[in-house]
Amino acid sequence: MTERRVVVTGIGTINPLGNNIEEFFSNLEKGVSGAGHITRFDAENFKTQIACEVKNYDPSQYFDRKEVRKYDLFTQFALVAATQAVEDAALDMDNIDKEQVGVIWSSGIGGLKSFFDECVDWAAGSGIPRFSPFFIPRMISDIAAGFISMKYGFMGPNYCTVSACASSNHGLISAFDAIRYGKADMMVTGGSEAAVNIPAVGGFNSMQALSTRNDDPQHASRPFDKDRDGFVIGEGAGALFLEEYEHAKARGAKIYCEIVGGGASADAYHFTAPHPEGKGAIKAMKDALKDAGIQPENIDYINVHGTSTPAGDLPELKAVSEVFGSHVYDLNISSTKSMTGHLLGAAGAVEALACVFAITRGVVPPTINCENLDPNIDSKLNLTLGTAQQREVKYALSNTFGFGGHNSTVIFGKL
């Protein structure tokens, strides 16, 4: 079978740096931190009292009251971002074949707050099992993909990928494959997460995974810094509308860039820690380069997973150096989690948009907050510290890794 080319013709987001693409791109370039003190619940008794929350979000601006009752916050974020991407793609809804449009949406956790709230209500009750009829549909991770398809009548491939923080890169790869192998002409893909809540923050705290820099939230996410002490949890969604290249050209679509390859692997090492030598990350990146049919020297920018954890940052940079050899000093590397925080299952989608930004605007977003570089990190690496850097980006590579040893890499190319 001849593989078909796949391009991005629509984008959308709601995340801690902006409730639409232009806000996000503007703050990404400026190096703005999306962190602050938690407002979604009273975090006074928690070790971590900070997060990267979506700002100025009012669900009534997007949904009626009946819809809000049906949708967990992660589904609301999914619908907001996906709607932006579909509208940006400027489809002629009356004349497209909706059987050839699919939705692959991702979430690492799904409706955790809905699950938690129902359990709390049950525990506080009389013992009579009174549960909301919306409980199960609000909770399950696949429901966002279903609701997106229902909104538009898209009847192509429809499911959810769940691989912790690697989820939405895996979803991007699956959507890419669906188009290039002829199972669909167009796909909505992305990821959403709404885990700034009691069980998520409490659970990650018990693992000592989150930063406790509560007195200075805007500087808490500090990838590569010797004083980094964990990630800052984030929330939101990112969406991309993918389309077969000839199909997009035929309808005169605006094309942002092309998806050229994807790779996936397992560390097969530990249930939360990455392989210390980055073996799984190396395989994912090499497989993505092979899939794209390009050489390491072709890559101009890498959006690393870069979570700001003591255990995670070093193995990834080791892996990058192993894969890219001497070219590693000629490319830009940055962690946009320094600004957005860690959106868990939505991280790959939002960071894919950062790659779209780099390719289309010719600007590499910065890594902020790295004030004292970890002495174990090669100081000759261009980690794009502090401020954005202008350069032509022909190819951008994005890594995401998840608990369980899941690794996923996607490569985007300039047309």
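In this predicted model, helix H7 and helix H13 meet through a small cast of side chains and backbones: Ser168, Asn169 and Leu172 come from H7, while Ala347, Gly348, Ala349 and Ala352 come from H13. Sorted by class, this contact holds four nonpolar residues, three polar ones and no charged ones. As for geometry, the axes of H7 (residues 167-180) and H13 (residues 347-361) come within 5 Å and cross at roughly 70 degrees. An angle from 65 to 115 degrees counts as roughly perpendicular, so that label applies to H7 and H13.

On to the strands. An open sheet of ten strands runs in the order E5-E4-E6-E7-E1-E8-E14-E13-E9-E10, and its pairing is mixed. Strand E5 (158-161) and strand E10 (332-334) are the edges, each pairing on one side only. With direction ignored, neighbouring strands of this sheet are turned by 25 degrees against each other on average. Helix H6 (residues 143-152) packs on the sheet, where it touches strand E4 (101-106), E5 and strand E6 (186-194). The direction of H6 makes about 150 degrees with that of E4. Another helix, H10 (residues 279-292), lies across strand E8 (257-266), E13 and E14, and runs at about 145 degrees to E8.

Strand E13 deserves a look of its own. What covers residues 395-402 is not itemised here, but seven of the eight residues in E13 are buried, leaving the strand mostly covered. Strands of a sheet pair through backbone hydrogen bonds, either parallel or antiparallel, and E13 takes part in both kinds of pairing: parallel with strand E9 (residues 301-303), antiparallel with strand E14 (residues 406-413). Three bridges make up the parallel pairing of E9 with E13, and within it Tyr301 has Ala396 as its bridge partner. The antiparallel pairing of E13 with E14 has eight bridges. Among its pairs, Phe401 stands opposite Asn407, and Gly402 is partnered by His406. E13 and E14 form a hairpin with three residues between the strands, and there Gly404 takes a positive phi near 100 degrees.

Then there is the cysteine chemistry, or the lack of it. A disulfide is a covalent bond between the sulfur atoms of two cysteines. With a cut-off of 2.5 Å between sulfur atoms, the count of disulfides comes to zero. Why does Cys160 go without a bond? The closest cysteine sulfur to that of Cys160 belongs to Cys165 and is 14 Å from it, which is too far for a bond. For Cys355, the closest cysteine sulfur is in Cys257, at 8.5 Å, and that is also too far for a bond. Cys355 is buried as well, since its relative accessible area is 0%.

One last residue, Ser114, sits in helix H4 (residues 112-124). Is Ser114 buried or exposed? Its relative accessible area is 4%, so Ser114 counts as buried. Leaving aside residues up to four places away in sequence, Ser114 touches Asp72, Phe135 and Arg138.

Conventions:
Residues are numbered from 1 along each chain as its sequence is written. This is a predicted model: local features need pLDDT of at least 70, side-chain atom pairs count only at pLDDT 80 or more; totals for chains, interfaces and linings use all residues. Side-chain values use heavy atoms; hydrogens and water are left out. Buried means under 20% relative accessible area, exposed over 50%, partly exposed in between (1.4 Å probe, protein chains only). Helices (H or I, at least four residues) and strands (E, at least two) are DSSP runs, numbered from the N terminus. Two strands pair if DSSP finds at least two bridges between them. Axes are lines fitted to C-alpha atoms, for helices over the stretch in contact, and angles run from 0 to 180 degrees between N-to-C directions. Contact means heavy atoms within 4.5 Å. Angles under 35 degrees count as roughly parallel, over 145 as roughly antiparallel, 65 to 115 as roughly perpendicular and the rest as oblique. Ala, Val, Leu, Ile, Met, Phe, Trp, Tyr, Cys and Pro count as nonpolar, Asp, Glu, Lys and Arg as charged, and the others, Gly among them, as polar.
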